[in-house]
Amino acid sequence: MPRESEPERSAGGVPVVEITRSYGFSAAHRLHNPRFSLADNARIYGRCNNPNGHGHTYRLEVTIRGPVSPETGWVEAGPALDAVVRTQVLRRFDRMTLDHLITPTDGPTSTSEVLVALLWRILDGALPAGRLCHLRLEETPNNFFDLDRDGADGLARPVFTTPADRGQKVGPA
Amino acid sequence: MIQVTKRVEFCAAHRYANPRWSEEENRRVFGKCGNVHGHNYILEVTVEGEPSPDTGMVMDLKALKDLIIEAVVDRFDHKDLNQDVPYFKEKNPTPENLAVVIWELLEARLEGRQGHRLHRIRLHENGSFFVDYYGEHAGHAERI
């Protein structure tokens with residue numbers, strides 16, 4: 001990602017490269033904050049507050065950053081990225097209702113702002129330390145949400161739990 | 001500062017192999033990428049600078065395009081990266097290493113020009129994977 005400071009360069013040393021892969025998952029949700037009145041929810045969230053919910057084909061771009069291995073020519077942790085995203089994100093969220101997976105500690109409701117912060121905590125915890133560099137969550141081709149390490153460090157860090165983590169059944173009853 | 005980006009395409013073949021490893025180890029690590037195959041690469045070159053008070057441009061994009069074609073596209077397009085590009089005799093032709101060599105080729109040609117500098121190389125290998133390189137190195141780093 002573009003950064004303010006000048007990149008560090010030298011003739012020697014291993015190049016540091018960022019790699020980005022994109023993934024897709026489909027999920028349903030409804031924007032609704034139970035602390036607001038029904039009228040306020042309808043006013044604030046509009047069509048996104050439809051009682052029976054709606055859904056999106058989300059696209060997630062995951063950027064990791066690291067030295068290029070002299071042995072493979074790949075960024076270390078790159079080859080493991082697909083498996084981490086598949087097990088930690090796609091398996092958890094694809095074809096699910098987000099509202100069953102997002103708890104009040106994650107945020108007030110399943111906006112993409114809340115979701116991208118949750119995805120950051122999940123992926124940052126599952127990837128080698130410090131490798132995660134940037135997430136872009138596209139809710140539709142016209143709406144996308146970016147989070148980098150500075151942004152994530154600035155967020156409150158609730159403990160991540162989902163009903164599945166607590167051993168409860170998830171998904172439609 | 002404004003960043004301007006020129007996008008070009010090139011098509012090339014490659015295969016992944018580490019000559020220091022056994023055939024079995026290569027197959028285990030690189031899998032199908034050990035077979036000769038190819039990609040339609042999309043290269044985005046970003047140059048950063050202040051627009052000239054005379055032209056209103058950070059850099060003449062036609063000049064940038066000509067530079068990219070001479071330094072990169074003519075070298076890599078419709079080539080076998082492993083066999084036709086000396087740099088990849090030593091290194092695996094991964095998008096990571098391609099981005100670094102493209103940076104080096106272009107930075108040398110942009111050096112000394114007034115008012116702008118190379119900012120980023122973004123190389124797309126396919127629709128769902130790209131790499132970014134900002135000229136950074138780990139270790140022994142010095143600011144220049």
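**Reasoning through a predicted model**

Modeller: This model is predicted. In it, the side chains of A:Arg121 and A:Asp106 meet in a salt bridge, with 3.2 Å from N to O. The two residues belong to distant parts of the chain, 15 residues apart: A:Arg121 is in helix H3 (residues 112-126) of chain A, and A:Asp106 is in the loop between strand S3 (96-97) and H3.

Colleague: Why is the contact of A:Arg121 and A:Asp106 called a salt bridge?

Modeller: The cut-off is a side-chain nitrogen of Lys or Arg within 4 Å of a carboxyl oxygen of Asp or Glu. The N to O distance for A:Arg121 and A:Asp106 is 3.2 Å, so the pair qualifies. In general, side chains of opposite charge can pair when their charged atoms come close.

Colleague: What makes A:Arg121 buried or exposed?

Modeller: Buried means under 20% relative accessible area. A:Arg121 has 15%, so A:Arg121 is buried. A:Asp106 has 7% and therefore counts as buried too.

Colleague: How many salt bridges are there over all chains?

Modeller: A search of the whole structure finds 20. Among them is the pair of B:Arg117 and B:Glu48, at 3.6 Å from N to O. That pair links strand S4 (residues 116-126) of chain B, which holds B:Arg117, to strand S2 (residues 37-49) of chain B, which holds B:Glu48, across 69 residues. B:Glu48 has a relative accessibility of 12%, so B:Glu48 counts as buried.

Colleague: How do you know that B:Arg109 and B:Glu70 form a salt bridge?

Modeller: Their side chains meet at 3.0 Å, N to O, and the cut-off is within 4 Å. B:Arg109 lies in helix H5 (residues 95-110) of chain B and B:Glu70 in helix H2 (residues 61-76), so the salt bridge ties together parts 39 residues apart in sequence.

Colleague: Which class of accessibility do B:Arg109 and B:Glu70 fall into?

Modeller: The limits are under 20% for buried and over 50% for exposed, with partly exposed in between. B:Arg109 has 27%, so B:Arg109 is partly exposed. B:Glu70 has 42% and is therefore partly exposed as well. Elsewhere, salt bridges that share partners join B:Arg7, B:Glu44, B:Arg120, B:Arg122 and B:Asp132 into one network.

Colleague: What does B:Ala71 touch, leaving out residues up to four places away in sequence?

Modeller: B:Ala71 touches B:Leu105, B:Leu106 and B:Arg109. B:Ala71 lies in helix H2 of chain B. Its relative accessible area is 0%, so B:Ala71 is buried.

Colleague: How do you know that S1 and S2 of chain B are paired strands?

Modeller: Pairing needs at least two bridges. Strand S1 (residues 2-14) of chain B is joined to S2(B) by 13 bridges, so the two strands pair. They run antiparallel. S2(B) also pairs with S4(B) in the antiparallel sense, over 8 bridges. B:Thr46 in S2(B) stands opposite B:Thr5, and the bridge partner of B:Thr46 in S4(B) is B:Arg120.

Colleague: Which residues have the most contacts inside the largest nonpolar core?

Modeller: B:Phe76 and B:Ile102, in a core of 73 residues. Beyond four places in sequence, B:Ile102 is in contact with B:Phe10, B:Leu43, B:Val72, B:Phe76, B:Ile121 and B:Leu123. B:Phe76 is at 1% relative accessible area, so B:Phe76 is buried. In soluble globular proteins, nonpolar side chains tend to be buried together.

Colleague: What about aromatic pairs?

Modeller: The whole structure has 11 over all chains. One of them is B:Phe76 with B:Phe88, at 6.4 Å centre to centre and 50° between the planes.

Colleague: Why is the pair of B:Phe76 and B:Phe88 called tilted?

Modeller: Centres must lie within 6.5 Å; planes under 30 degrees apart count as stacked, over 60 as edge-to-face and the rest as tilted. The values of 6.4 Å and 50° therefore give a tilted pair. B:Phe76 is in helix H2 and B:Phe88 in helix H4 (residues 87-90) of chain B, 12 residues apart. B:Phe88 is buried, at 4%.

Colleague: What makes the pair of B:Tyr87 and B:Phe88 edge-to-face?

Modeller: The angle between their planes is 85°, with 5.1 Å centre to centre. Over 60 degrees counts as edge-to-face, so the name fits. B:Tyr87 is partly exposed, at 22%. Ring pairs link B:Phe10, B:Tyr41, B:Phe76, B:Tyr87 and B:Phe88 into a cluster.

Colleague: Where in chain A does pLDDT stay under 50?

Modeller: Over residues 1-11 and residues 159-166. The mean pLDDT of chain A is 86, and 83% of its residues reach 70 or more. Where pLDDT is low, the predicted coordinates should not be read in detail.

Methods:
Residues are numbered from 1 along each chain as its sequence is written. Chains are lettered from A and ligands numbered from 1 in the order in which they are written. This is a predicted model: local features need pLDDT of at least 70, side-chain atom pairs count only at pLDDT 80 or more; totals for chains, interfaces and linings use all residues. Side-chain values use heavy atoms; hydrogens and water are left out. pLDDT is the predictor's confidence in each residue, from 0 to 100. Contact means heavy atoms within 4.5 Å. Helices (H or I, at least four residues) and strands (E, at least two) are DSSP runs, numbered from the N terminus. Buried means under 20% relative accessible area, exposed over 50%, partly exposed in between (1.4 Å probe, protein chains only). A nonpolar core is a set of buried Ala, Val, Leu, Ile, Met, Phe, Trp, Tyr and Cys residues joined through side-chain atoms within 4.5 Å. Rings of Phe, Tyr and Trp (its six-membered ring) pair if their centres lie within 6.5 Å; planes under 30 degrees apart count as stacked, over 60 as edge-to-face and the rest as tilted.
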